[in-house]
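Student: I would like to go through the sequence and structure shown here. Please keep to what can be computed from the atoms.

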Amino acid sequence: MSWEKEVNELARIRELAKKQGGEDAVKAQHDKGRLSVRERLDRLLDQNSFKEHGSLAGAATRNDAGTLTDFTPANYVTGLGKINGRQVAVGGEDFTLKGGSPNAAGLRKSVYAEEMALNYKVPLVRLLEGGGGSVASGKGQQGPVGSPVYEKPRFQSISKLMSIAPVASAAVGPVAGFPAARFAASHFSVMTKEISQVLIAGPALVSRALDVNLSKEELGGVAVHARNGVCSNIAKDEDDAFQQIRQFLSYLPTNVWELSAKTPCDDPVDRCEDKLLDIVPRNRRQPFDMRKIIKFTVDTGSFFEMHKSYGPSLITAFARLNGQAVGVIGNDCRYYAGAMSASAAEKTRKFIELCDLFHLPILNFVDEPGFMIGPDSEKAGTIRYGTSAVAAAVLSVVPWATIVVKKAFGVAAAAHFSDDGYVLAWPSAEMGALPVEGGVAVAFRRQIAEAEDPDAKRAELEAELAAKQSPLPRGESFSVHDVIDPRETRPLLCEWLNWVTPSLEALKGPVTFGFRP
């Protein structure tokens, strides 16, 4: 009358599933410098928090008596776990079986991971290593072909999820086809140096179709995707990738119906950093380090930058201010003098929308000379992408604080100010329609050309107009909320954040525009 036989078979299947592709396949994975999917889950998640779903999914072989003789598990492992005590959905390909190319059960589980995160309204973390479908899988196939017409599109769940809960993905090996699309469909994506590549198609297919012969690294390595915006960050190894995912999630709420948790902070809110007083040089042509300004202002050690190599003239990062998560935007004058290129504009727009989606206030440190100019900029469609960034800023729903550190010129400057934002200016700030140098060159071209000493005349006019762009008259005219001692920046921003925090409660819930990769 006992069910012991069936229970023993369950235990046997679970035991075989945990062997993955077998000892030799796992060893081969280790020899390539890569972990197995189960090892990755153990390192990513809080200890003993993983609860697997579908541990029996796979293909069993039985003899005529119905006794189990062999079992091939699904090559996708998924379930629920915890990161820093918070529930998340997780999943990843098992490269030791079919090189991660999904078997039937593996494909179902990969889609289920997204459905699970959507149903429970929790963050989703993917550990990606594998290829998409294979033509060999259809060889000799009999019976129904393709998916039924009533089946939901595979990308429906993830598209909905990206407007509800955080999605983070790590490429921890070669990723091609459908998994590559999953990598792109993330709020945060990280690639591991040397061992990961993200590819629409691999070298063999590219060679056959285009007669172009490149390695996986040349086609889709970190050097490619860090600069085109496909990956947010680069990790030195898998453990670093997992740590970056944990840090990314720490700034965000579980879903859009919640607010980001405030953490204890021992960095004094009234800290005034003396180094800010002379960090911006008086020589207008001399660059400075905007990241230092940001780090001197936000909570010590809380600065987490994303997309550093993509659109490098603009900085986008998360940080904390008195323990509260904020989004940070800043210009880096060491690239194109901080000008907004097409890629920088797209990066800025997506970051603003990400902060809107998860209700994070935005700090904007401005040194904006305008849109990038020239033939390459025109070919890249900079004005279109730039106008989109401006629209995202003026339609943003979260509180903004704008600190004009140096330049704020032209239409591009509008991407640094929101409706009803808090605006502070440093004494070094310059604001107007055009930078002085460009404006003088255009407006006084003939006068300079006819001068006895054109260079001296140009310098004289530039100095005269630069004085008129001082922020002090703007402060006197109440065109900014205040002109401040740079050392006051942190205390004033902490005070501002206390004012606006109660308004975040009204923002809970989905945004009307959703979020797209």
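Student: What percentage of contacts between residues at least 6 apart in sequence join residues at least 24 apart?

Tutor: This is a predicted model, in which local features need pLDDT of at least 70, side-chain atom pairs count only at pLDDT 80 or more, and totals for chains, interfaces and linings use all residues. Residues are numbered from 1 along each chain as its sequence is written, and side-chain values use heavy atoms, with hydrogens and water left out. With contact taken as heavy atoms within 4.5 Å, the share in the chain is 72%.

Student: What share of the residues of the chain counts as buried?

Tutor: Buried means under 20% relative accessible area, with a 1.4 Å probe and protein chains only. The chain has 517 residues, and the buried share is 52%.

Student: Which helix gives the largest share of the largest nonpolar core?

Tutor: A nonpolar core is a set of buried Ala, Val, Leu, Ile, Met, Phe, Trp, Tyr and Cys residues joined through side-chain atoms within 4.5 Å. The largest one has 69 residues, of which L44, I245, F248, F318 and M340 touch the most other members. Helices are DSSP runs of H or I, at least four residues, numbered from the N terminus. Seven residues of this core come from residues 342-357, helix α12.

Student: How many residues does the other core have?

Tutor: This core lies apart from the largest one and includes A317, C333, Y422 and I484. Its residue count is 32.

Definitions and conventions:
Buried means under 20% relative accessible area, exposed over 50%, partly exposed in between (1.4 Å probe, protein chains only). Helices (H or I, at least four residues) and strands (E, at least two) are DSSP runs, numbered from the N terminus.
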